[in-house]
Amino acid sequence: MTAAAHRRNPAARLVCCGRSWGGVERAHCCRRFGGCGHVFDDAALWDAHRSGGRCVAPHELGLLQTITGIWIRALERPQT
């Protein structure tokens, strides 16, 4: 992101619980409120990982972690 774009949208970079991520559409499970501290690609993934009000490990849901630490859906592989 360019400096000019960041000034127009300062919320594009967020920090909490020692984590930093880009994108206001991301969903963070905040440790200050009993969460795990992970950051998810969207609210639906966050909801899926909070089954029964407790955190489920992202890898147990088949999620993959990007190099920036965001948990995302795995791409489906085509059948051969």
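The following paragraphs describe the nonpolar cores, the salt bridges and one buried arginine of a predicted model.

Because the model is predicted, local features were considered only at pLDDT of at least 70 and side-chain atom pairs only at pLDDT 80 or more, whereas totals for chains, interfaces and linings use all residues. Residues are numbered from 1 along each chain as its sequence is written, and side-chain values rest on heavy atoms, with hydrogens and water left out.

The largest nonpolar core comprises 6 residues, namely Cys29, Cys36, Phe40, Leu45, Leu63 and Trp71; such a core is a set of buried Ala, Val, Leu, Ile, Met, Phe, Trp, Tyr and Cys residues joined through side-chain atoms within 4.5 Å. Here buried means under 20% relative accessible area, exposed means over 50%, and partly exposed lies in between (1.4 Å probe, protein chains only). When neighbours within four places in sequence are set aside, Leu45 is in contact (heavy atoms within 4.5 Å) with Phe40, Leu63, Trp71, Ile72 and Arg73. Apart from the largest core lies another, of 5 residues, which include Cys16, Trp21, Cys30 and Val39.

The whole structure contains 3 salt bridges, each defined by a side-chain nitrogen of Lys or Arg within 4 Å of a carboxyl oxygen of Asp or Glu. Glu25 and Arg26 form one of them, at 2.9 Å from N to O, and Arg26 also pairs with Asp41, at 2.8 Å. The pair of Arg26 and Asp41 links distant parts of the chain, 15 residues apart, with Arg26 in the loop between strands S2 (19-22) and S3 (27-28) and Asp41 in the loop between strand S4 (39-40) and helix H2 (43-49); helices (H or I, at least four residues) and strands (E, at least two) are DSSP runs, numbered from the N terminus. Glu25, Arg26 and Asp41 are thus joined in a network of salt bridges, and Glu25 is partly exposed at 46% relative accessibility, as are Arg26 at 25% and Asp41 at 24%.

A further salt bridge, at 2.7 Å from N to O, joins Arg73 to Asp42. This pair also links distant parts of the chain, 31 residues apart, with Arg73 in the segment after strand S6 (70-72) and Asp42 in the loop between S4 and H2. Arg73 is partly exposed, with a relative accessible area of 40%.

Arg19, found in strand S2, is buried yet has no salt bridge, and the nearest side chain of opposite charge, that of Asp41, is 12 Å away (Lys and Arg count as positive, Asp and Glu as negative, and His and the chain ends are not counted). Leaving aside neighbours within four places in sequence, Arg19 is in contact with residues including Leu14, His38, Gln65 and Thr68.
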